[in-house]
Amino acid sequence: MLRPTDAAEIYQSAVEGRIVERLVYHDPATNEPYPIAEKSPFYKNQTANVLQHCGSIDPESLEEYIADKGYQAISKILKEMSQEEVNDLVTKSGLRGRGSGGFPTGVKWNFARLQKSDKKYIVCCNGDEGDPGAFMNRSVLEGDPHRVIEGMMIAGYTIGADEGVFYVRAEYPLAIERLRIAIKEAEEAGLLGSNIMDSDFSFHLSIREGAGAFVCGEETALLASIEGKRGVPRPRPPFPAVSGLYGKPTVISCYGNDC
């Protein structure tokens with residue numbers, strides 16, 4: 001059990017890049033420490049989903065992501081599934097946004113999918129986490145950027161978007177660097193760009209750096225910021241799925257959650 005008196009030693013060990021061995025969880029039966037990769041009783045009823053790869057693969061290696069079934073989902077979708085079939089699958093899964101609204105992802109995607117437009121967008125937000133001490137989405141971007149890219153591609157295919165935008169706060173330099181590396185790797189491998197995997201689907205990604213403004217956690221303020229305007233929320237309707245970025249249908253999703 002951790003105690004307040006352990007704080008100084010934990011801090012110093014983090015500075016020195018070492019582990020406080022006496023605080024590592026030990027098996028009560030054998031008094032042996034559990035290896036980091038093995039689940040201790042504390043974690044036995046937990047399953048990592050969003051953070052599944054974080055800490056177990058090199059986030060700057062496309063090869064390691066692919067070795068763990070990376071980009072297989074988008075490959076299957078492009079070869080075997082229609083936009084409507086993907087949307088139905090997501091709807092039936094019950095996937096929801098992890099914000100306070102918990103809005104059904106399939107419903108959001110379908111609103112945008114049914115819009116008639118020459119241009120549509122996918123925007124991944126919450127990389128501009130404005131809440132003090134928040135780092136959920138930073139963890140995913142830093143530890144598993146290709147997973148987020150693949151999720152954006154699936155969303156893009158489903159609604160008919162050919163462009164995605166990452167909105168990441170400038171104070172997350174490592175996340176931005178790893179995203180840039182991942183995007184470049186995917187482009188060079190033909191996984192991003194035009195006619196991906198010899199299909200009719202094209203998808204391009206860019207990064208916009210935010211200033212950490214709390215108000216830009218609201219989706220319409222976030223869109224205004226991307227457009228170079230003051231980050232101020234606007235009345236709804238119309239909702240972004242109908243009129244979003246630059247007035248075009250836009251799906252705004254959170255990393256690792258519903259995109």
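## Backbone exercises

Met-197 counts as partly exposed, with a relative accessibility of 27%. Keep in mind as you work that this is a predicted model.

**Exercise 1.** Explain why Met-197 is called partly exposed and not buried or exposed.

*Solution.*
- Step 1: Take the relative accessibility of Met-197, which is 27%.
- Step 2: Recall the cut-offs: buried means under 20%, exposed means over 50%, and partly exposed lies in between.
- Step 3: The value of 27% falls in between, so Met-197 is partly exposed.

**Exercise 2.** Find out what the phi angle of Met-197 is, and where this residue sits.

*Solution.*
- Step 1: Start with the general rule: most residues other than glycine have a negative phi.
- Step 2: Met-197 is not a glycine, yet its phi is positive, about 55°.
- Step 3: Look for Met-197 in the loop between helix H8 (173-188) and strand E3 (204-210).

**Exercise 3.** Now do the same for Tyr-246: give its phi, its loop and its exposure.

*Solution.*
- Step 1: Tyr-246, also not a glycine, has a positive phi of about 55°.
- Step 2: The loop between H9 and E4 holds Tyr-246.
- Step 3: The relative accessible area of Tyr-246 is 44%, and this residue is partly exposed.

**Exercise 4.** Which peptide bonds leading into Pro-237 and Pro-238 are cis?

*Solution.*
- Step 1: Remember that most peptide bonds are trans.
- Step 2: From Arg-236 to Pro-237 the bond is cis, with omega near 0°.
- Step 3: Pro-237 and Pro-238 are joined by a cis bond too, with omega about 5°.
- Step 4: To place them, find Pro-237 in the loop between helix H9 (219-226) and strand E4 (250-254); Pro-238 also lies in the loop between H9 and E4.

Note on methods: Residues numbered from 1 in each chain as written. Predicted model: local features only at pLDDT ≥ 70, side-chain atom pairs only at ≥ 80, totals over all residues. Heavy atoms only, no water. Helix = DSSP H or I, 4+ residues; strand = E, 2+ residues; numbered from the N terminus. Buried < 20%, exposed > 50% of the residue type's maximum accessible area, 1.4 Å probe, protein only.
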